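Please look over the sequence and the coordinates together before reading on. The paragraphs that follow move from the chain as a whole to a few of its elements and residues.

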Amino acid sequence: MKSFRDRNRDNRPRQPAKPGSSPSRLRETASAARSEPHHRQEAKPAPRVLARRDGPLPAERLPLILEVAPNADYALLDSGAGEKLEQYGPYRIVRPEGQAIWQRALPAKEWERADAIFTGDTDEEGIGRWRFPKTPLGETWPMKHDGIDYLGRFTSFRHVGVFPEQASHWDHMAGLIAAARRPVKVLNLFGYTGLASLVAARAGAEVTHVDASKKAIGWARQNQEMAGLSDKPIRWIVEDAVKFAEREERRGSRYDIVLFDPPAYGRGPKGEVWQLFEDLPGLTDLCRSILTPKPLAVVLTAYSIRASFFAIHALMRDTFAGMGGTVESGELIIREKSAGRALSTSLFSRWVA
């Protein structure tokens with residue numbers, strides 16, 4: 001499953017999590033220099049010149065709440081008191097969850113059955129460690145998503161290499177690919193460990209997967225082999241997402257579906273700095289410019305930001321003015337198994353032709 005990046009941000013300036021930001025995950029993303037050597041920061045290029053586009057705005061659908069329910073592969077068992085109890089395949093895992101300000105529904109004995117507990121620094125930007133109350137576990141373990149095998153991972157930033165809430169987007173994308181009944185090209189920017197790319201490839205698309213972390217690309221390739229999808233057409237690119245999209249625009253490369261899941265803050269492999277509010281409008285415009293004449297969708301997900309989904313909704317509608325279709329925006333949530341509460345994980349906005 002974009003979706004928790006093992007972002008090793010040891011070598012980038014620390015920024016405290018902003019009050020009001022979604023604490024569910026500050027991603028180790030494509031543009032974070034997780035475990036790569038530190039590079040001197042390059043001078044930032046001139047910003048893309050943007051102008052408001054002419055034409056009628058796309059139709060809109062909001063708020064749209066996309067929900068992931070408990071299933072055999074993953075379940076949010078319970079949450080509360082600033083933590084969440086999850087089932088990932090064979091393991092019960094306890095991690096911090098700042099948005100769980102309610103009380104736990106399950107008794108303490110259920111939480112005490114956990115196989116792995118994240119401890120130490122629980123700040124979004126801090127390094128922590130895992131405690132294994134029963135048997136010490138290795139770094140990875142086998143997992144599945146809808147029949148696709150991959151590896152879960154215990155990382156120092158409390159994430160496990162997958163974002164279950166993204167399954168709603170993956171299912172939607174697979175449906176678009178199947179319904180197109182023609183060759184479909186998918187671009188996955190900030191692709192992390194590759195579940196979205198594997199879902200798209202299995203559905204029949206030709207996929208380009210871009211992440212600035214060589215380590216994340218290595219994990220993604222490993223997941224492709226584990227899933228038995230090595231024969232599927234996936235290009236794995238270690239590159240800064242913005243630079244790659246700019247290059248694709250210049251050489252006329254075009255895509256039917258673009259997924260982009262940028263961090264609030266990140267660094268590229270050559271020290272490029274990404275700031276969401278500063279850089280997102282330009283990248284969104286770029287994503288429009290590299291669409292095919294008959295595109296299917298552009299999907300934006302935003303984590304850990306101080307904003308309403310209305311902000312990215314307005315950005316997407318403005319960007320896709322004159323192209324028809326519909327912009328759907330809202331939140332991704334995970335439905336809790338114990339008491340049925342909804343845990344919001346992120347904001348999203350997607351243009352669908």
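A residue counts as buried when its relative accessible area is under 20%, as exposed when that area is over 50%, and as partly exposed in between. By this criterion, in the predicted model shown here, helix H6 has the following buried residues: Leu276, Asp279, Leu280, Gly282, Leu283, Thr284, Asp285, Leu286, Cys287, Arg288 and Ser289. The helix is thus described as mostly covered, with 11 of its 14 residues buried. H6 runs over residues 276-289 and reaches 19 Å from its first C-alpha to its last, which is close to the 20 Å expected at 1.5 Å a residue. The cover involves both kinds of element, since the buried residues of H6 pack against helix H5 (241-251) and helix H7 (309-319), and also against the strands E9 (185-189), E12 (257-260), E14 (273-275) and E15 (297-302).

For the wider setting, the chain contains seven helices and 17 strands, and buried residues make up 57% of its 353 residues. The area that the chain exposes comes to about 14,200 Å², of which carbon and sulfur atoms supply 52%. As to confidence, the mean pLDDT of the chain is 86, and 85% of the residues reach 70 or more. Over residues 1-40, however, the pLDDT is below 50, although this stretch has 187 contacts in the model beyond near neighbours in sequence. Where pLDDT is low, the predicted coordinates should not be read in detail.

Among the strands, E2, E3 and E4 can be followed one after another. Strand E2 (residues 74-80) and strand E3 (residues 83-88) run antiparallel and are joined by six bridges, and one of the pairings places Gly80 opposite Glu83 in E3. These two strands form a hairpin with two residues between them, and in its turn Ala81 has a positive phi of about 55 degrees. E3 in turn pairs with strand E4 (residues 91-96), again in the antiparallel sense and over six bridges, with Tyr88 standing opposite Tyr91 in E4. The hairpin of E3 and E4 also has two residues between its strands, and there Gly89 takes a positive phi near 55 degrees.

Which residues does Gly82 touch, not counting residues up to four places away in sequence? Gly82, which is found in the loop between E2 and E3, touches Pro96, Glu97, Gly98 and Ala100 under that condition. Gly82 and Arg95 are 13 residues apart in sequence, while their C-alpha atoms lie 8.8 Å apart in space. Gly82 is classed as partly exposed because its relative accessible area is 26%.

Is Arg350 buried or exposed? Arg350, whose place is in strand E17 (residues 342-352), is classed as buried because its relative accessible area is 5%. Its side chain makes a polar contact of 2.8 Å with the side chain of Glu328, and a polar contact of 3.4 Å joins the side chains of Arg350 and His169. When residues up to four places away in sequence are not counted, Arg350 touches Leu64, Leu66, His169, His172, Val298, Val299, Met316, Thr326, Val327 and Glu328. Both polar partners, His169 and Glu328, therefore appear among the residues that Arg350 touches, and Arg350 itself is buried.

Technical notes: Residues are numbered from 1 along each chain as its sequence is written. This is a predicted model: local features need pLDDT of at least 70, side-chain atom pairs count only at pLDDT 80 or more; totals for chains, interfaces and linings use all residues. Side-chain values use heavy atoms; hydrogens and water are left out. pLDDT is the predictor's confidence in each residue, from 0 to 100. Contact means heavy atoms within 4.5 Å. Two strands pair if DSSP finds at least two bridges between them. Helices (H or I, at least four residues) and strands (E, at least two) are DSSP runs, numbered from the N terminus. Buried means under 20% relative accessible area, exposed over 50%, partly exposed in between (1.4 Å probe, protein chains only). Accessible areas come from the Shrake-Rupley method with a 1.4 Å probe; for residues, only the protein chains shown count as cover. A polar contact is a pair of N or O atoms within 3.5 Å; within protein, one must be able to donate a hydrogen and the other to accept it, and residues adjacent in sequence count only if both atoms are side-chain atoms. The expected span of a helix is 1.5 Å times one less than its number of residues.
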